[in-house]
Amino acid sequence: MNYLNKKTVSDIDVTNKKVLVRCDFNVPFDENGNITDTKRIDESLKTIKYLVDNKAKVILCSHLGRPKGKFNKKFSLEFVAKELSKSLNMDVKFARDVIGESAETTISQLKNGEICLLENLRFHKEEEENDPKFSEKLASFADVYVNDAFGTCHRAHASIAGVTECLPAVCGFLIQKEMSAMSEILDNPKRPFISILGGAKVSDKIGVINSLLEKVDKLIIGGGMAYTFINSLGYSIGTSLCESDKLDLARDIVAKAKEKNVKLFLPVDNKVGREYDPNTESQIVDADKIPDGWMGLDIGTKTAELFSEAIKDAGTVVWNGPMGVSEWDNFANGTIAVAKAIADSGAVSIIGGGDSAAAIEKLGFADKMTHISTGGGASLQFLEGKELPGILHLNDK
Ligand code: AMP
């Protein structure tokens with residue numbers, strides 16, 4: 001599939017049209033309902049403003065969290081409507097349901113250049129089931145469909161996949177930006193090309209590891225997933241995360257890296273804790289000396305130096321997943337060191353995944369990165385070379 005051949009919102013006429021826009025407003029928020037990172041909202045504004053300026057009737061929809069098919073006030077999108085109103089400096093009407101009376105009335109009262117946001121799509125289990133009736137109902141509100149929810153494009157859900165069968169379907173500017181940034185880098189990477197993978201699970205990243213081994217010069221593995229590798233090499237890892245059914249696979253990856261001449265970097269030391277707790281007692285130990293009853297929660301200082309040195313001369317960096325439990329200050333140093341090394345390297349860089357992106361933003365390095373993706377899972381799937389259901393069925397130019 002040629003992603004860059006998909007029609008975008010500027011290839012069609014939207015004036016006087018009702019346009020259903022699937023956004024990804026799945027933003028992080030704290031216990032008081034305050035949004036802690038507005039990146040996904042900020043990145044959606046370009047498409048929305050374009051539609052408003054071109055006098056479309058704009059019907060926004062999104063999911064938030066995992067309400068499991070039922071109404072749950074905690075996951076209501078009302079606060080997103082308020083945030084959008086602030087960011088756009090105009091009223092964003094909020095429908096209190098997705099396909100019910102409130103949605104119908106709100107949409108029927110929309111004038112050209114006005115915006116409404118529907119309630120959380122995942123309050124209906126039919127959304128994640130890609131139920132055709134649910135897609136049809138959503139589609140019945142509009143004349144055209146625009147997908148700009150890059151972060152959800154790897155999910156074949158009703159508002160992402162099914163709806164494209166009912167309406168002319170194009171992508172928004174965010175998807176266009178994500179696709180072109182990543183395609184460009186992958187097609188012709190500046191070398192050395194280095195990939196850094198972290199996060200909790202090997203199983204989430206096997207596909208991308210295999211595909212990146214065909215392309216990169218160096219592969220750096222940290223985070224919880226590194227312990228399965230360390231264990232597969234015969235070292236004990238205490239109570240660290242381990243996927244025991246993936247040990248053979250980890251050994252295969254180590255062998256494949258050697259065969260492909262890819263330099264593989266694993267942690268040589270780790271910051272281990274007694275318990276999975278932000279304030280647990282901790283110490284730094286060599287990777288082959290993790291004591292029984294302790295768990296690796298971050299890479300150690302020697303590893304941070306080793307990884308930083310490896311990143312220094314990078315031409316291209318693809319990074320997905322933190323080096324440790326970076327949400328906790330005591331175990332964030334490894335992730336911070338990697339973020340700094342990428343920023344200092346001046347390499348072309350693609351950052352995917354909420355935790356890596358959060359570390360970059362927190363350190364104020366965002367403007368030193370080439371592209372910070374709004375989709376962790378979606379960007380991995382793209383890098384893996386897999387088709388994204390949310391883009392596959394959009395109309396070609
Ligand atoms: P992922 O979504 O797979 O990129 O994983 C991100 C999550 O991995 C974050 O919530 C981290 O807290 C977690 N993580 C990273 N390193 C570790 C580790 N050593 N032990 C447990 N969890 C970890």
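**Figure 1. Strand β1 (residues 18-22) and strand β2 run parallel and are joined by 5 bridges.** The model shown is predicted: local features require pLDDT of at least 70, side-chain atom pairs are counted only at pLDDT 80 or more, and totals for chains, interfaces and linings use all residues. Residues are numbered from 1 along each chain as its sequence is written, and side-chain values use heavy atoms, with hydrogens and water left out. Helices (H or I, at least four residues) and strands (E, at least two) are DSSP runs numbered from the N terminus; two strands are taken to pair if DSSP finds at least two bridges between them. Within this arrangement, K18 stands opposite K57 of β2. Strand β2 is mostly covered, with 5 of its 5 residues buried, where buried denotes under 20% relative accessible area, exposed over 50%, and partly exposed the range in between (1.4 Å probe, protein chains only). In a regular strand the side chains alternate between the two faces of the sheet. In β2, K57, I59 and C61 are buried on one side, and V58 and L60 are buried on the other.

**Figure 2. The surroundings of K57, a residue of strand β2.** K57 counts as buried because its relative accessibility is 19%. Leaving aside neighbours within four places in sequence, K57 is in contact with N16, K17, K18, V19, L110, K111, N112, G113 and E114; contact means heavy atoms within 4.5 Å. One of these residues, E114, is 57 residues from K57 along the chain, yet the C-alpha atoms of the two are separated by 5.5 Å.

**Figure 3. Helix α2 (residues 78-88) and the elements that its buried residues pack against.** The buried residues of α2 are F79, V80, A81, E83, L84, S85 and L88. They pack against helix α1 (39-53) and against strands β2 (57-61), β3 (92-94) and β4 (115-117). Following α2 is N89, with a positive phi.

**Figure 4. Two loop residues, K55 and N89, each with phi near 60°.** Most residues other than glycine have a negative phi, and most peptide bonds are trans. K55 is a residue other than glycine with a positive phi, and its place is in the loop between α1 and β2. At 45% relative accessibility, K55 is classed as partly exposed. N89, likewise not a glycine and with a positive phi, is found in the loop between α2 and β3. With a relative accessible area of 71%, N89 is exposed.

**Figure 5. An open sheet of 6 strands with parallel pairing.** The order of the strands is β9-β8-β7-β13-β14-β15. Strands β9 (263-265) and β15 (371-372) stand at the edges with a single partner strand each, so one side of each has no neighbour in the sheet. Strands of a sheet pair through backbone hydrogen bonds, either parallel or antiparallel. Strand β14 (residues 348-352) is joined to β15 by 2 bridges, the two running parallel. The bridge partner of I350 in β15 is H371.

**Figure 6. Helix α7 (residues 206-213), largely enclosed by the rest of the structure.** This description of α7 applies because 6 of its 8 residues are buried. The buried residues are I206, V208, I209, S211, L212 and L213. Their cover includes strands β7 (193-197) and β8 (218-221), together with helices α8 (226-232), α9 (247-259) and α13 (376-383).

**Figure 7. The cis peptide bond from R191 to P192.** Omega of this bond is near 0°. P192 lies in the loop between α6 (173-187) and β7.

**Figure 8. The ligand and the 16 residues that surround it.** A residue belongs to this shell if one of its heavy atoms lies within 4 Å of the ligand. The closest are A200, K205, G224, G296 and E327. An oxygen atom of the ligand lies 2.6 Å from a polar side-chain atom of E327. For K205, a polar side-chain atom is 3.1 Å from a ligand oxygen atom, while for A200 a backbone N or O atom is 3.1 Å from an oxygen atom of the ligand. Taken alone, the ligand exposes 500 Å², of which the protein buries 79%; accessible areas come from the Shrake-Rupley method with a 1.4 Å probe. The shell comprises 6 nonpolar, 6 polar and 4 charged residues, where Ala, Val, Leu, Ile, Met, Phe, Trp, Tyr, Cys and Pro count as nonpolar, Asp, Glu, Lys and Arg as charged, and the others, Gly among them, as polar.

How values were computed
Polar contact = N/O pair within 3.5 Å; in protein donor to acceptor, adjacent residues only side chain to side chain.
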